[in-house]
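User: I'm new to this structure. Could you take a close look at one part for me, the largest nonpolar core, and tell me what sits around it?

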Amino acid sequence: MVTYYQKPILIEKGSMQFLYDSNGKKYLDMFGGIVTVSVGHCHPKINEALKVQADKLWHTTSIYYTSAMFEYAEKLTATMPENLSVCFFVNSGSEANDLALELARLYTGRFDCLTVRNGYHGMTQTVAGATNLGNWKQPLPSGFGLLKTMCPDPYSGPWGGSKCRDSPIQTKRNCDCSSSDDCKAGKEYFRQFEECLQFDFPAATGPAAFLAESIQGVGGTVQYPKTFLPKAYDAIQKSGGICIADEVQTGFGRLGSHYWGFQANDVKPDIVTMAKGMGNGFPMGAVVTTPEIASVLKSALYFNTFGGNPLASVVGKAVLDVIEEEKLQENCEKVGTYFLKELAAIDSPLIGDVRGKGLMIGVELIDENGAKMPASRMANIFEFIKDKGVLTGKGGRFGNVLRIKPPMCITKSDVDQAIDAIAEAIKTVQK
Ligand code: PMP
């Protein structure tokens, strides 16, 4: 296995935004088990809900009903637009995207779907075809009928885009934006998206679905030009296809301004998939869709042994309660914006780009000549930050993006500690 650190750490316990290794060393967790520990490690309210349910009932499968599952489904769909009212509970993000593609294909009677390069949607054989990052791919065939559109990245793509990201921080690359509501990058990426629709799909039918993250997570916190998703959704939906929003990383208030990433992009998906943060570390996932789309599964038995089990359901519901009670969405907005501004203020030629929204943040590192930061120097930075007691993530096609997606309960003083560690690490490797 590829290990994350040159000197891996053995974690013994966690408490809110902190982790402790086997030597008792305390770490500030700025990656939350890859955007999964949403409300805090071993949050007392989640632990309590789990303990109470564990003494009552662990498992039945969906051949019997449990009130835990219904209560959770009600509370979860209440966060969504009204038409998205049916939940299928599964066990991971991969499984959720797998089912979403199946629903879209059955509903439309079409097969080919469009995905975005540099996106990550999971590892099962089907969705591996939608995970368009070569360093995650085995040399084996994966999901058929998953076509790719160009990654609309205003920082490292061919079209730069100042002012065109929905973030407090814009790229340093200029584009010739003629107006603030559209820009060259937005127009050009959409032009090639339309070209895919025109040339890559069966002329007689068109796409079954468009599957995309609101902000690419594993791909290195890539934000598209603001106009890209609204135009892409419109084109797909007008052509009779289904839009699937992968909210595995962007959902549950992390973006600060909105509860769901699709809301922040002002689009209306037909299917939403989620996992990771929905369980604060408990393995679970879901597909939420309309009754019309959901009904296509009636043609055969749909079965999932563990999906929606009572333990997952009470944990999921407690997570929703905590986000509300502790105003974590608001915290993401406030602390995340502060974090982004502090990162952008670090004065170093090694910082190519700072981007993101709320507590979904990426810092793209480059070398003194503007090339991608090589893996060896990246590893030194990463290791240094860890030795300073702060855990961050790594991502992007070239592994040169520091990813910061902490439990949503962090404070400004945690941000200050992380900024000190990151700034010092960068200074240390600067030539
Ligand atoms: N979608 C996105 C956006 C993800 O980031 C991930 C996991 N990194 C997945 C889907 C797959 O989730 P899982 O690992 O739970 O299968």
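Analyst: Here is a walk through the core, and then through the two domains.

Before we start, this is a predicted model: local features need pLDDT of at least 70, side-chain atom pairs count only at pLDDT 80 or more, and totals for chains, interfaces and linings use all residues. Residues are numbered from 1 along each chain as its sequence is written.

A nonpolar core here means buried Ala, Val, Leu, Ile, Met, Phe, Trp, Tyr and Cys residues joined through C-beta atoms within 7 Å. Buried means that 20 or more other C-beta atoms lie within 10 Å of a residue's own, with C-beta atoms placed from the backbone.

The largest core has 116 residues, and Ala104, Phe210, Ile244 and Ala286 touch the most other members. Helix α10 (residues 310–325) is its top contributor, giving 8 residues; helices are DSSP runs of H or I with at least four residues, strands are runs of E with at least two, and both are numbered from the N terminus. Domain 1 (11–30 + 327–429) and domain 2 (47–325) both supply residues, so the core lies between them. Those bounds come from an automatic or database domain assignment.

Zooming in on Ala104, its contacts are Cys113, Ala208, Ala209, Ile242, Ile244 and Ile271, leaving out residues up to four places away in sequence. A contact means C-beta atoms, placed from the backbone, within 7 Å.

As for the domains, their C-alpha centres lie 25 Å apart, and 26 residues of domain 1 are in contact with 25 residues of domain 2. On the domain 1 side, α11 brings the largest share, 9 residues.

Notes: Buried ≥ 20, exposed ≤ 12 C-beta atoms within 10 Å, placed from the backbone. Contact = placed C-beta atoms within 7 Å.
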